[in-house]
Structure formats: C-alpha cells, structure tokens
Amino acid sequence: MAPAQQHLPPPIISVLDTTLVRPSVTAGAALPESSLPLTFFDVLWLTSPPVERVFFYRLAADADVATILSNLKASLSQALHAYYPLAGHLRLKHGTADRYELHYHPGDGVTFTVAEYSNEGADFDELATDEPKKVAKIAPLAPTLPEGGVVLALQATVLRGGLAIGMAVHHAACDGASSTRFLHAWSAASTAANGPPPPVTDRALVHDPRSRLYDFFVKAMPTADQMERVKLSDDQLFATFTLSKEDIQRVKDVVAAEAARRGAAPPRCSSLVATFGFSWSCYQRAKDNAGSNSGERRTYLCFPVDHRSRMKPPVPDEYLGNCVGAAMHAAPEDQLAAAGADGLFVACTAVAAAIEEAVGGVRSPETIESWIERFKEAAVAGTGMLTVAGSPRFRVYEVDLGFGRPAKVDIVSVARTGAMAVAEGRSSGGGGGGMEVGISLRAAGMQRFQKCFEDAIAFLHH
C-alpha cells in the first residue's frame with residue numbers, strides 16, 4: 001500500500017530567475033585575482049550565520065518591474081567593480097591549517113535571485129508593517145548564501161504593491177559599516193548620484209604584530225551552534241518599535257532626575273544610550289521569569305562598537321572588512337526590570353559604562369584578548385545576554401535604488417540570533433531624530449514586550 005501523501009502548504013515565494021552578476025570591467029580589463037587575509041577582527045565571525053536585511057520598496061501600480069530588475073543588475077555590477085572582494089569566497093589559504101582569506105578569482109560574481117511572492121501570501125503593507133508579523137512570512141525574502149564560502153547574495157522579490165530587496169552577507173567578510181557602505185555605493189550607481197569614496201582593502205592597516213591576536217582569536221572561534229542561539233518556532237514574530245526624538249529626550253531627562261534624586265553622578269546619556277537602555281529594561285521586564293529571581297543574578301547587554309578611529313594608527317572609514325569590538329556590561333536582573341525611573345537609570349548607567357570601557361578596549365593586545373573572557377563570563381552566568389545588530393549610523397533608510405527610499409527595513413536574521421535590531425527612525429532624514437528597534441519573540445513574549453514598551457512610553461510622558 002502506498003504511503004499517504006502529505007499535503008504541504010505551497011511555497012511562499014517562487015524563484016523566477018537566478019543570475020550571477022559579475023563586477024563590471026573598465027576599458028575591457030578584468031579585475032586581477034586577489035586574496036585578502038582575514039584579520040583577528042574577521043576570524044571571530046567565521047562560524048556565524050549570515051546577516052540578513054530586507055528592504056521594502058513601494059512601487060507605483062504602473063511600475064515597469066522588468067526594467068527595474070534589469071537596472072538593478074546593471075548598477076549592482078557597477079558597484080561590485082570597487083567592492084569586488086564581496087564577489088569572492090572565504091577559503092583556507094593553501095598550505096596552512098588556520099589561515100583564512102577572502103579570495104577573488106576573475107569570473108566570480110554575486111548571485112542575484114528574482115522571485116515572486118505567492119498570490120495567497122500577504123500584500124506589501126502586511127509585510128512592511130511595524131506590527132508583529134510571522135518570521136516565516138518575511139524570512140524567505142532574504143536569500144540563502146550559496147555554499148562554498150560565498151560571502152554575499154541578493155534577492156529581489158516582487159510583491160503585491162512593491163518590491164523587497166533581500167541581502168545576506170557573511171560577517172567574516174565585513175562588518176555592518178562596510179556592508180551598508182556597499183549598499184550606498186549600489187544606490188549611487190542606481191541613481192547616478194555621487195557615491196561614497198571607494199573602499200580601502202589593505203588588511204595591513206589592522207596592526208597585529210606577529211599575528212598574536214589572530215592566533216588567539218582563531219583558537220577561540222565559537223562553534224556555529226553557539227552563534228545561532230535561537231531555535232525558530234512556528235509562532236516566532238518580528239515587530240518594530242519606534243522611539244521618537246521626544247521620547248529619547250524624556251529618557252535622558254528621567255535618568256538625569258533619578259541620578260539627582262540618588263545623589264549620583266548622571267551617566268553620559270546619549271541618544272544611543274537612551275534607546276538601548278529603554279529597550280533593554282523593557283526586554284528584561286517582559287521576560288516570563290521577570291521578578292522571580294533573588295536579586296543577585298546579573299544579565300548582560302552586548303553591542304558592537306566601531307574601532308576604526310580608535311586603532312593606532314587609525315583605520316580609514318572606507319576600510320572594507322571588520323573593525324568592530326564588543327561593548328558589554330551587566331546589570332542586576334531585578335533592578336533592570338523595575339518599571340519607571342529605577343529601571344531606566346540602571347539600564348542607561350550600564351550602557352554608558354559599556355561604551356566607556358569599550359572606547360579603551362583596543363589600547364593593547366591584552367585588552368583586546370579580554371573580550372573573549374568577558375563573553376565566557378556572561379555565558380557562565382547563565383542569565384542571558386541581549387545583543388544588538390545594526391546601527392543608526394548606517395542610514396539604511398537612505399538606500400534609494402532608483403525607485404525611492406525604502407518604506408521599511410528589517411534585519412530578519414535577529415530571529416535566529418536573538419539580537420535586537422537598531423536603525424535610525426524613518427523620519428530622521430527630515431530631522432526627526434528618532435530610532436527604531438526590531439525585536440523577534442514568540443507570540444506570548446511579544447505580547448508582554450508590547451505591553452512593557454507601551455507602558456514605559458506612557459510613563460515618560462505622564
């Protein structure tokens with residue numbers, strides 16, 4: 001008797017075309033074969049899952065989608081001429097056991113997939129919403145990195161009412177500052193605008209005498225399981241929460257007033273500190289075990305800090321690669337989860353301290369090596385660590401690929417890593433000055449976080 005057939009749901013997207021887009025050539029001369037050795041900043045990310053962003057663009061009803069897609073491929077080829085290492089592959093250097101490199105061979109390119117969202121699926125407004133949405137509905141909008149050490153893949157998915165541009169990039173190839181500079185270069189090529197200065201690829205700019213730090217970090221490289229910390233469930237959701245310029249100023253005011261009440265020195269509460277502190281306190285309060293601990297347990301926040309300007313000598317902003325370290329600090333769980341001014345003060349004080357410590361974190365090889373010990377300390381504590389992906393400095397809402405700025409940008413990979421996504425507020429280009437935070441949680445946790453966020457905003461303006 002034949003086994004009963006399983007009736008699987010139809011796929012959300014249908015792949016229409018896959019093209020390998022190669023860097024453009026100048027005067028008929030192909031780019032030469034080249035290899036960029038990974039630095040100690042890069043090698044830590046070898047086992048990490050790719051960073052996946054999705055840009056949602058609204059299109060007019062009469063938009064010529066075929067021409068748009070053709071133009072995207074042409075402008076991508078132009079952008080890759082300067083960023084050709086991103087068309088290459090990560091590989092182990094021949095004849096070595098642990099020396100990795102980013103290798104480009106003439107003819108390499110970036111996979112560009114064209115797909116179409118199912119007619120039974122959601123329309124543009126449902127996918128580009130800030131409201132909680134199923135991760136399963138937006139995750140397919142980001143491409144899968146092909147095997148073989150590929151570091152960049154792109155996907156354009158035609159939606160009802162718009163277009164989604166998905167990007168997957170391997171963190172070992174470059175950090176968020178570099179990958180978003182590439183996006184701005186693609187944007188400039190798409191709009192015939194003046195682009196950013198070309199990337200700098202000289203890895204010798206990252207000073208590491210006798211490869212001491214590389215040897216240290218390659219031995220401490222985490223496993224893939226350690227990097228991918230969340231097992232996705234069917235009810236995993238993603239939602240975006242916005243702090244306006246006024247909200248952020250109120251956080252600063254509340255923290256300053258609480259410091260005065262306690263007779264303590266106020267922390268240096270920048271807009272980034274206020275945003276991270278507010279969100280971290282809400283996140284902790286929304287945990288299903290909030291308030292059940294003895295008060296002795298500490299939990300951690302960890303976020304990236306760009307060290308280009310702090311290296312000795314400084315590394316240029318245009319450097320293509322990784323040059324980020326970790327800012328990390330702990331806070332008592334119960335104090336962090338406290339509603340009102342108490343939780344905000346504790347959170348913002350810890351975030352400000354993390355930044356202050358991180359600024360001095362590249363003073364010597366010893367301070368850089370201590371990053372690993374601090375990660376282990378947080379892991380041993382077993383109380384969880386909230387990490388951050390993205391930055392308001394990346395200006396993702398300015399990435400115009402020839403048909404307007406994006407209506408929404410999501411870092412969908414945080415659903416797997418458990419990180420908090422951060423970007424500038426969509427109104428920031430007009431002087432809005434706000435920030436947005438993306439959170440991925442299961443349904444019950446998302447409901448608790450929404451309530452904590454709304455209550456905290458109401459407290460700021462009471």
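**Helix α8 and the loop after it**

Q: Hi! Which exposed residues sit on the face of α8 turned away from its buried side?
A: Hello! In this predicted model, that face of α8 carries Glu 246, Ala 260 and Arg 261, which are exposed.

Q: And which residues of α8 are buried?
A: Those are Asp 247, Ile 248, Val 251, Val 254, Val 255, Glu 258 and Ala 259. They lie on the same side of α8, because they cover an arc of only 135° around the axis.

Q: Why do residues three or four places apart point the same way in an α-helix?
A: An α-helix has 3.6 residues a turn, so residues with that spacing point the same way.

Q: What covers the buried residues of α8?
A: The cover includes the strands β10 (236-243) and β16 (435-442), along with the helices α9 (271-286), α11 (341-359) and α14 (443-460).

Q: Quick geometry check: what should α8 span at 1.5 Å a residue?
A: Helix α8 has 18 residues (245-262), so 26 Å is expected, and its end C-alpha atoms are indeed 26 Å apart.

Q: Nice. What phi does Gly 263 take, just after α8?
A: Gly 263 has a positive phi of about 70° there.

Q: Changing topic: where is Arg 268, and is that residue buried or exposed?
A: Arg 268 is in the loop between α8 and α9. Its relative accessibility is 77%, so Arg 268 counts as exposed, the cut-off being over 50%.

Q: What does Arg 268 touch, leaving out residues up to four places away in sequence?
A: Arg 268 touches Val 273 and Ala 352.

Q: How are Arg 268 and Ile 355 separated?
A: Along the chain they are 87 residues apart, while 9.6 Å separates their C-alpha atoms.

Key. Residues numbered from 1 in each chain as written. Predicted model: local features only at pLDDT ≥ 70, side-chain atom pairs only at ≥ 80, totals over all residues. Heavy atoms only, no water. Helix = DSSP H or I, 4+ residues; strand = E, 2+ residues; numbered from the N terminus. Expected span 1.5 Å × (residues − 1). Buried < 20%, exposed > 50% of the residue type's maximum accessible area, 1.4 Å probe, protein only. Arc of directions from axis to C-beta. Contact = heavy atoms within 4.5 Å.
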